[in-house]
Amino acid sequence: MELKSPMLVVTDMDKSVEFYKRVLGLNVTMDFGANKTLTGGLALQTAETYKGFIGKSDVSFGGNSFEIYFEEADFDGFADKLKECDVEYVHAVLEHSWGQHVVRFYDPDKHIIEVGESMKTVCGRFLSSGMTPEQAAGRMDVPVEFVNACMR
């Protein structure tokens with residue numbers, strides 16, 4: 001078994017493609033009309049086509065039970081850019097207990113998008129603040145080998 005791609009059902013393909021390009025910098029890599037694959041393997045499927053696939057006449061949006069997760073090395077730059085993108089936030093930038101900065105927001109169909117600071121960047125931030133690898137591992141609640149691997 002091999003996972004090939006997450007797929008999001010969208011009500012307006014053009015609007016969704018534009019959103020993912022403008023906000024996250026993703027581009028269409030495969031275009032099958034009612035299905036498009038974006039950079040990184042994320043697939044978008046039109047709601048009308050998907051309804052036919054599942055044999056149902058309705059599809060729910062905005063359930064807040066699923067998210068697509070991205071990591072960004074330049075998180076602060078991304079957070080600044082996001083302020084100019086007119087997105088609906090799930091929450092503003094926050095810091096998780098393990099030290100990672102994240103933000104969550106909705107796409108046009110109310111799918112949750114999470115963008116987090118890359119874990120390598122978190123390690124680097126802690127180490128550059130004077131923490132030892134052992135202290136950073138303790139702060140992040142990860143093995144010291146993880147911290148060392150991030151710094152290679």
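Okay, let's start with a question: among contacts in this protein between residues at least 6 apart in sequence, what share joins residues at least 24 apart? The answer is 51%. Keep in mind throughout that what's on the screen is a predicted model.

So, the overview. We've got 152 residues, and 39% of them count as buried. The secondary structure comes to six helices and eight strands. If you walk along the sequence, the order goes β-α-β-β-β-α-β-α-β-β-β-α-α-α. Put a box around the C-alpha atoms along the principal axes and you get roughly 55 × 40 × 25 Å. The exposed surface is about 8800 Å², with 53% of that supplied by carbon and sulfur atoms. On charges, there are 15 positive side chains and 24 negative ones, and the centres of those two sets lie 2 Å apart.

Now let's zoom in on β3, residues 35-38. Which strands pair with it? On one side of the sequence there's β2, residues 28-31, which runs antiparallel to β3 and is joined to it by three bridges. Then there's β4, also antiparallel to β3, again with three bridges. For the register, look at valine 28, which stands opposite leucine 38 in β3. With β4, the pair to look at is asparagine 35 opposite glutamine 45.

The turns are worth a click too. The β2 and β3 hairpin has three residues between the strands, and in that turn glycine 33 has a positive phi of about 80 degrees. Between β3 and β4 there are four residues, and there glycine 40 takes a positive phi near 85 degrees.

Side chains on β3 next. Asn35 and Thr37 point one way, Lys36 and Leu38 point the other way, and all of them are buried. Yes, that includes a lysine. How accessible is lysine 36? Its relative accessible area is 10%, so it falls under the 20% cut-off and is called buried. What does its side chain do in there? The lysine 36 side chain makes a polar contact of 2.7 Å with the side chain of aspartate 31. Leaving out neighbours within four places in sequence, lysine 36 also has contacts that include Met13, Val17, Val28, Met30 and Leu42.

Stay in that area and move to β4, residues 43-46, where you'll find threonine 46. Buried or exposed, what would you say for threonine 46? It's buried, at 19% relative accessible area, so it only just makes the cut of under 20%. The side chains of threonine 46 and threonine 49 are joined by a polar contact of 2.6 Å. Setting aside residues up to four places away, threonine 46 touches Val9, Val10, Met13 and Ala34. You'll remember Met13 from the lysine 36 contacts.

One more lysine, for contrast. Lysine 4 sits in the segment before β1 (7-10). This one is exposed, with a relative accessible area of 65%. Its C-alpha is 9.8 Å from that of alanine 43, which is 39 residues away along the chain.

Right, over to the other hairpin, β6 and β7. β6 pairs with β7, residues 101-106, in the antiparallel sense over four bridges. Glutamate 95 stands opposite histidine 101 in β7. Five residues lie between these strands, and glycine 99 in this hairpin has a positive phi near 100 degrees.

Have a look at histidine 91, which is in β6. What does its side chain contact? There's a polar contact of 2.9 Å with the side chain of arginine 104. Beyond residues up to four places away, histidine 91 touches Val102, Val103 and Arg104. Its C-alpha is 9.9 Å from the one of tyrosine 106, 15 residues along the chain.

Last stop, backbone oddities. Most residues other than glycine have a negative phi. Which residues here go the other way? One of them is aspartate 86, with phi near 55 degrees. Aspartate 86 lies in the loop between α3 (75-82) and β6 (89-95), and it's exposed, with a relative accessible area of 75%. Another is aspartate 141, with a positive phi of about 60 degrees. That one lies in the loop between α5 (133-140) and α6 (144-150), and at 70% relative accessibility it counts as exposed too.

That's my tour, thanks.

Methods: Residues numbered from 1 in each chain as written. Heavy atoms only, no water. Helix = DSSP H or I, 4+ residues; strand = E, 2+ residues; numbered from the N terminus. Buried < 20%, exposed > 50% of the residue type's maximum accessible area, 1.4 Å probe, protein only. Contact = heavy atoms within 4.5 Å. Areas by Shrake-Rupley, 256 points an atom, 1.4 Å probe, with all protein chains shown as cover. Lys, Arg positive; Asp, Glu negative; His and termini not counted. Charge placed at Lys NZ, Arg CZ, Asp CG, Glu CD. Polar contact = N/O pair within 3.5 Å; in protein donor to acceptor, adjacent residues only side chain to side chain. Pairing = 2+ DSSP bridges.
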